[in-house]
Each structure stands twice: as structure tokens, then as C-alpha cells.
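Please look through the sequence and the model below before reading on, and keep both in view while you follow the paragraphs. The explanation moves from strands to the interior, and then to the surface and its charged side chains.

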Amino acid sequence: MSAEVLTEEFEVLESIYPTELSIVSDREIQIDVEPDEMIDGEHPFKLQLSVHYPDEYPDSLPHLTLVAIEGELEDAEHDTLLESLTEVGEENVGMAMTFTLVSHLREQMASLVRKRADEIMTEETEKERLAIEAEEARTRGTPVTVESFKAWKLKFSRETAQRKTKDEDERLRALSPRDREEWKRATTRPTGRHLFERNKNLEHDDDSFVEEGTVSVDFSPVRQEPAAST
């Protein structure tokens with residue numbers, strides 16, 4: 001490679017990138033590169049492409065490095081961009097390729113920005129979907145099964161009994177000692193239902209109605225004796 005060939009390429013690059021280009025040495029340059037298209041609302045994204053030219057350039061590829069100077073660049077994204085630049089460089093071996101490499105990098109950066117925006121939108125859509133499903137599940141309630149109903153009924157009965165006991169204790173504490181004793185006697189007194197059930201059971205035991213000392217009465221018809229003849 002003659003120095004004149006590289007000097008000529010540098011002059012062309014300076015005219016195209018007057019503020020973006022920095023000539024480090026007669027064999028190395030740095031160019032600040034931005035996407036050729038930005039999406040509204042996206043954060044700034046700028047890379048610095050360093051190009052080091054070997055003696056065999058342009059018959060061999062230059063050495064390329066990428067550094068993020070605005071925004072972030074993940075390792076996987078960095079490697080993908082460099083691989084893509086290498087492929088384009090191999091297609092242009094034998095020709096001045098720096099401008100072609102920078103143009104390709106700008107296109108790839110724009111694609112990367114769009115990909116990031118799509119991923120963010122997909123994540124937000126998924127979060128919104130999950131939030132809607134959670135709200136629908138909350139308002140719809142849990143489907144009732146036999147098992148869940150039995151568990152609910154057991155819990156409800158237990159809570160009802162506890163609440164009833166608590167209410168009775170509170171009422172007792174509010175009563176006077178005399179009224180409290182009367183209330184206890186009333187609650188232990190057999191109800192009409194209890195008496196009915198007890199008498200119903202007694203019907204099956206004939207002797208249960210016969211108390212000690214009771215006179216037995218015979219209600220069968222009295223047989224008439226024939227009158228004596230005179």
C-alpha cells in the first residue's frame with residue numbers, strides 16, 4: 001500500500017465526515033458513527049469506529065474496533081456488528097472500503113435501534129396482558145369445586161360457632177349475677193322438641209308409663225251372668 005493511496009482516502013473521508021473524523025496517525029483513524037435513522041423518543045446512540053490499516057490494505061482487511069460513546073452496547077450486539085462489518089469488508093477487498101464500512105455500520109445501528117424498540121414494546125404489551133389477566137381473575141373469582149366448597153363450608157361453620165360463642169360471652173358479662181344464673185338455667189332446660197323426642201321414644205316401652213304402686217284397670221267388657229230361675 002502506498003502512502004498516497006491512503007492519504008487520498010483520508011481526504012475523501014474528511015470531506016464526508018468533517019466533524020466525525022479524527023486522524024490518529026497515517027495508519028489509523030476514528031469516526032463517530034450514529035444510526036442513519038433514529039426512532040422518536042429513543043435514547044442517543046453513538047459508536048466510535050477505529051480503523052487501523054495494515055500494509056497490505058486494501059488487499060487485506062483493516063483492523064476494526066467499536067466503542068460506545070453514547071448509549072449502551074451489549075457484548076452480543078458488539079460482536080454481531082463486527083462480524084457484519086467483516087463480511088462487508090471481505091466483499092470489498094481490493095478497493096477503498098472505509099466509506100462502505102461506515103455506511104453499513106450506520107444501517108446496522110438503525111436496525112439495532114428498531115430491534116430494541118420492538119423488544120421494549122413486546123415487554124410492555126406482555127406486562128399489560130398479564131395485568132389484565134390478573135385483574136380479570138381477581139374480579140371473576142376462583143372457580144368453585146366440591147373440595148373448595150367443603151373447605152369453605154367447614155371454615156364458615158367454624159367461624160360462625162366462634163362468633164356465636166363470643167357473642168354469648170359478651171352478653172353474659174353484661175348481665176347481673178342473678179340474671180346470669182337464670183340465663184344458664186334457661187339454656188339447660190329441656191325444650192319442647194327434646195320432650196317430644198323423649199316421649200316418642202317412651203312409646204316403644206310399655207312399662208315406662210307404669211309407675212310403682214299404680215293400680216291396673218281392666219277395661220274389657222263385663223260378661224253378664226244369666227238370671228237364676230224361680
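Through how many residues does a hairpin join strand 1 to strand 2? In this model, which is predicted rather than determined by experiment, the hairpin that connects strand 1 with strand 2 passes through 2 residues. Strand 1 covers residues 21-25 and runs antiparallel to strand 2, and 4 bridges join the two strands. One place to look is Ser-25, whose bridge partner in strand 2 is Glu-28.

From this hairpin we can turn to the interior of the model. The largest nonpolar core has 28 residues, and those that touch the most other members are Ile-29, Leu-49, Tyr-53, Leu-66, Leu-85 and Leu-105. Two or more residues of this core come from each of helix 1 (3-16), strand 2, strand 3, strand 4 (63-70), helix 2 (75-91) and helix 3, and helix 3 gives the most, with 6 residues. To see what such a core residue meets, you can select Leu-66 and leave aside the residues up to four places away in sequence: the residues that Leu-66 then touches are Leu-47, Gln-48, Leu-49, His-78, Leu-81, Leu-82, Leu-85 and Leu-105.

Nonpolar side chains also appear on the surface of the model, where Val-144, Phe-149, Trp-152 and Phe-156 make a nonpolar patch of about 460 Å². Phe-149 belongs to helix 4, which covers residues 146-174. Is Phe-149 buried, partly exposed or exposed? With a relative accessible area of 43%, Phe-149 is partly exposed, because the partly exposed class lies between the limits of 20% and 50%.

The charged side chains come next. Side chains of opposite charge can pair when their charged atoms come close. A search of the whole structure finds 6 salt bridges, and one of the pairs is formed by Glu-37 and Arg-114, whose closest N and O atoms are 3.5 Å apart. This pair links distant parts of the chain, since Glu-37 lies in the loop between strand 2 (28-33) and strand 3 (46-52), while Arg-114 lies in helix 3 (residues 98-140), 77 residues apart. Glu-37 is partly exposed, with a relative accessible area of 47%, and Arg-114 is partly exposed as well, with a relative accessible area of 34%.

Which residues are linked with Arg-129 in a network of salt bridges? The network links Arg-129 with Glu-126 and Glu-133, and you can follow it by starting from Glu-126, whose side chain meets that of Arg-129 in a salt bridge of 2.5 Å, N to O. Glu-126 and Arg-129 both lie in helix 3, where they are 3 residues apart, about one turn of the helix. Arg-129 also forms a salt bridge with Glu-133, and here the closest N and O atoms are 2.5 Å apart. Arg-129 and Glu-133 are separated by about one helical turn because they are 4 residues apart in helix 3. The members of this network are partly exposed, with relative accessible areas of 36% for Glu-126, 35% for Arg-129 and 39% for Glu-133.

Key
Residues are numbered from 1 along each chain as its sequence is written. This is a predicted model: local features need pLDDT of at least 70, side-chain atom pairs count only at pLDDT 80 or more; totals for chains, interfaces and linings use all residues. Side-chain values use heavy atoms; hydrogens and water are left out. A salt bridge is a side-chain nitrogen of Lys or Arg within 4 Å of a carboxyl oxygen of Asp or Glu. Buried means under 20% relative accessible area, exposed over 50%, partly exposed in between (1.4 Å probe, protein chains only). Two strands pair if DSSP finds at least two bridges between them. A nonpolar core is a set of buried Ala, Val, Leu, Ile, Met, Phe, Trp, Tyr and Cys residues joined through side-chain atoms within 4.5 Å. Contact means heavy atoms within 4.5 Å. Patches are made of residues with over 30% relative accessible area and no salt bridge: like charges are joined within 9 Å, nonpolar side chains (Val, Leu, Ile, Met, Phe, Trp, Tyr) within 5 Å. Accessible areas come from the Shrake-Rupley method with a 1.4 Å probe; for residues, only the protein chains shown count as cover.
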